Protein chains: 4
Amino acid sequence: MFGYKVIADRLVSLVSPKEKLEQERRQQILDAAETVFSKQGFNDARMDDLVAESGLSKGAIYWYYKSKDAIIMALFDRVFLTEMKAAEAIIDADGTAEENLRIFSQAAVADIRHFERLMSLGYEFIALASRREEVREKLQGYYKMYREILIRIIEQGITEEEFDNVDPQNTAMAFIGLYEGIALLWFIDPLGLEWDKLTETPFDMLLDSIRKKES
Amino acid sequence: MFGYKVIADRLVSLVSPKEKLEQERRQQILDAAETVFSKQGFNDARMDDLVAESGLSKGAIYWYYKSKDAIIMALFDRVFLTEMKAAEAIIDADGTAEENLRIFSQAAVADIRHFERLMSLGYEFIALASRREEVREKLQGYYKMYREILIRIIEQGITEEEFDNVDPQNTAMAFIGLYEGIALLWFIDPLGLEWDKLTETPFDMLLDSIRKKES
Amino acid sequence: MFGYKVIADRLVSLVSPKEKLEQERRQQILDAAETVFSKQGFNDARMDDLVAESGLSKGAIYWYYKSKDAIIMALFDRVFLTEMKAAEAIIDADGTAEENLRIFSQAAVADIRHFERLMSLGYEFIALASRREEVREKLQGYYKMYREILIRIIEQGITEEEFDNVDPQNTAMAFIGLYEGIALLWFIDPLGLEWDKLTETPFDMLLDSIRKKES
Amino acid sequence: MFGYKVIADRLVSLVSPKEKLEQERRQQILDAAETVFSKQGFNDARMDDLVAESGLSKGAIYWYYKSKDAIIMALFDRVFLTEMKAAEAIIDADGTAEENLRIFSQAAVADIRHFERLMSLGYEFIALASRREEVREKLQGYYKMYREILIRIIEQGITEEEFDNVDPQNTAMAFIGLYEGIALLWFIDPLGLEWDKLTETPFDMLLDSIRKKES
DNA sequence: TATGAATGAGTCTTCATTCAT
DNA sequence: CATGAATGAAGACTCATTCAT
């Protein structure tokens, strides 16, 4: 990821001013979209709200994105990509499997806190998934990546005899599912429970169940 | 639940033919709404789609519900109520805590399978929750009920020394979160994994971690 | 044609009030469209102009026609059909070929005078013809019908030895072309020349050239 | 016509390089406009289509023409002028009236074939004529010129006793109308009839009717 | 001169809701 | 109670034109 970022930064400095402007404008529009859509939902958000929020004109927005839907999809990709990159950051981590799992879990937590404002957006996308093949496929890719990272960590744990000989696939699903579910509960009732507590116990429970029992 | 149904049936037989018709019409409308909304989402569904699906006229629908939103809310309540009733059915169950937990878990599973078609509807409601106090409160109530049932079972397990002395609240959240999360993953990628398998391992993992260790 | 009209009238009286209303509304809309489109052209005409001219609401217009283009096409058909029926009226005429030709020619003249206001509409349609297969085909059908009527009259003239042994096809084209061309010139410069005079001489010239020369 | 062209060429060589560039650019724009407008019609053609077709930028086009309408008018003038020049070429011809008429007729034929692609453009202009005084006047001028040339030829024929003592004005209208009408029919149904055949017979018919009968 | 990003008034169309019958 | 024609406010999108660079 770091390497990637460096390359990306370099790329930015290499692009023409014109391309830089285009990138800026697109970010400007997606920033506005993120704010407006997460506040009002895709359907209740008006293009005029994007105009007001972005400070651009209607025409300018349509110059960069051909439709409201295109903006939604671009926003999806941006959120998606950001999360993917955040996840990739953990791959390189070395340490015991449990440490890696904890780092990953904490990253996920941090992630969710950070993208607190994106959660409603996220459920909009999920609601879309049943109707839009394209969205569903992207979400599948996203979770697949997560699963693979976790599977690798769990396999590491098994190999290094930290963990019992569990099924890595199912175990990974358990971890991911747990986090997603907890996030959902927290989204519905953010004041009802503290996020950290909400997170730690279930994680420890799962971890506990796969930790190599002394014999 | 059964008792309830009996009561409901009695109620039906006690009401006047006029009221009976009204209830039938409302169910007709909500049936159509369930189908149409789950297929197209709240926003892409047209009142004319409800007309076509229900076989009623536009005027008839507006006779029984004052707006599209009222139908959405009534549908929410119906889904909500059905789930609540399904959950209540387990309260009376007697058996060991682990048995009850398993029964509850299987009910949840059965539930989800049964309401497979309602899942997209569910995520629409969740997406709504961040913008509509009313929806959020109902969802909170729904999960609160679930939590309380689980807490009771877990407390039973602790009291009867089946389970370790875990925190009932957090443990309940872990179970609920796990199921919700797994459901979400399955919703995104239904073909990717079998539902039963998807469900059993995580459940066993959690259960394993709270089961009283021999000392 | 008369028979047709009678049937049509009967049909009207047989249709339900609902269908009658629909037909009235559609005529109302096409009447407004005729006025507005002929005055402003298809593109400069606004749906709001149709609203104002028809006395109906926007929604009512869209209830009966799904788009502006659908109205244009329906208007085309109405104009087209009216002209076709007017032409058919002449078929039954008996008399010498020359008389029939003159009747037909005068009908065409009368027709054009009557549809003076439709001429700009006509040229809009003709301009459309190069881009819209559908329009082109309808116009082709229209002129085909005209040609066939004329061919029949000319063949009658040849058979009855009123006319020389000319090629009926080409001769028919000459007559039709002449009338269309004269109409076009008159459309461009209506004050520049009187319609009757504009019409008679060319007609007589053509007629003269095919009249059986005494030998 | 040739003389004119020579003058034009001289003019070009006399102007400054700056003016020469301007003339080139304007032709470039009108060339693109001719292509785009005849393919898509005035209304469906976008300024961006002109940009793409001309290879110039938006700004450049607006540098040379202040509006889309100005381009339409300039294009009209260019087409108009070209046709006028073609017609003028015949004025000088000497020969019998019938020869001149035939030359003129063949020129018109050639003209139409040559401007086959411009016909839809032509009908766009004609459709415009009813709404735009300016366009109507130009078209009137155009046909007036044609009429005058024909009148001169016909008067020549009468004077030289080739033709009967017909009314030159009406006879000219007959010839022009005939050609315009035939062109229209061919535009609607180009495959339905061959152009040459479509043209010759009517012409011969008219000619036949005015040719001096032997007495 | 030339560019093309930006503007924003103007359009068609949609669709929840109403109401005369 | 029921119908479905009618309403009209509202919204996404277009595109001729402008103007900073």
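Q: At what angle do helix 9 of chain A and helix 7 of chain B pack, and how far apart are their axes?
A: Helix 9 (residues 168-188) of chain A and helix 7 (residues 119-129) of chain B pack at about 50 degrees, with axes 9 Å apart. The model is predicted: local features need pLDDT of at least 70, side-chain atom pairs count only at pLDDT 80 or more, and totals for chains, interfaces and linings use all residues. Residues are numbered from 1 along each chain as its sequence is written, chains are lettered from A and ligands numbered from 1 in the order written, and side-chain values use heavy atoms, without hydrogens and water.

Q: Why are helix 9 of chain A and helix 7 of chain B called oblique?
A: Angles under 35 degrees count as roughly parallel, over 145 as roughly antiparallel, 65 to 115 as roughly perpendicular, and the rest as oblique. Their angle is about 50 degrees. Helix 9 of chain A and helix 7 of chain B are therefore oblique to each other. Their crossing is left-handed (near helix turned anticlockwise from the far one by less than a right angle; clockwise is right-handed).

Q: Which residues of helix 9 of chain A meet helix 7 of chain B?
A: A:L184, A:F187 and A:I188 meet B:Y123, B:I126 and B:A129 (contact means heavy atoms within 4.5 Å). By class, this contact has six nonpolar, no polar and no charged residues. Ala, Val, Leu, Ile, Met, Phe, Trp, Tyr, Cys and Pro count as nonpolar, Asp, Glu, Lys and Arg as charged, and the others, Gly among them, as polar.

Q: What makes helix 9 of chain C roughly antiparallel to helix 10 of chain C?
A: Helix 9 (residues 168-188) and helix 10 (residues 195-210) of chain C pack at about 165 degrees, with axes 10 Å apart. That angle makes the two helices of chain C roughly antiparallel. Helix 9 of chain C passes helix 10 of chain C in a right-handed crossing. Among the contact residues are C:F175 and C:W186 of helix 9 of chain C, and C:F203 and C:L207 of helix 10 of chain C. The contact divides into 14 nonpolar, two polar and no charged residues.

Q: How do you know that helix 10 of chain C is roughly perpendicular to helix 9 of chain D?
A: Their axes come within 9 Å and cross at roughly 75 degrees. That makes helix 10 of chain C roughly perpendicular to helix 9 of chain D. Helix 10 of chain C brings C:K197, C:L198, C:T201, C:P202 and C:M205, while helix 9 of chain D brings D:N170, D:T171, D:M173, D:A174 and D:F175. Here there are six nonpolar, three polar and one charged residue.

Q: How many residues surround DNA strand E, and which are the closest?
A: 32 residues surround DNA strand E (near means a heavy atom within 4 Å). The closest are A:R25, A:S57, A:W63, A:Y64 and C:K58. Sugar and phosphate account for 65% of the strand E atoms that come within 4 Å of the protein. The surface near strand E divides into 15 nonpolar, six polar and 11 charged residues.

Q: What makes the pair of A:R25 and DNA strand E a polar contact?
A: A polar contact is a pair of N or O atoms within 3.5 Å. An N or O atom in the side chain of A:R25 is 2.4 Å from a phosphate oxygen of DNA strand E. The pair therefore counts as a polar contact. For A:W63, the distance to a phosphate oxygen of strand E is 3.1 Å. The side chain of C:K58 has an N or O atom 2.5 Å from a base oxygen of strand E.

Q: Which part of DNA strand F does the side chain of A:K58 approach?
A: An N or O atom of that side chain is 2.2 Å from a base nitrogen of DNA strand F. A:Y62 has a polar side-chain atom 2.9 Å from a phosphate oxygen of strand F. C:R25 has a side-chain N or O atom 2.4 Å from a phosphate oxygen of strand F. In total, 30 residues surround strand F. Of the strand F atoms within 4 Å of the protein, 67% belong to sugar or phosphate.

How values were computed. Axes fitted to C-alpha atoms, helices over the stretch in contact; angles between N-to-C directions. Helix = DSSP H or I, 4+ residues; strand = E, 2+ residues; numbered from the N terminus. Polar contact = N/O pair within 3.5 Å; in protein donor to acceptor, adjacent residues only side chain to side chain.
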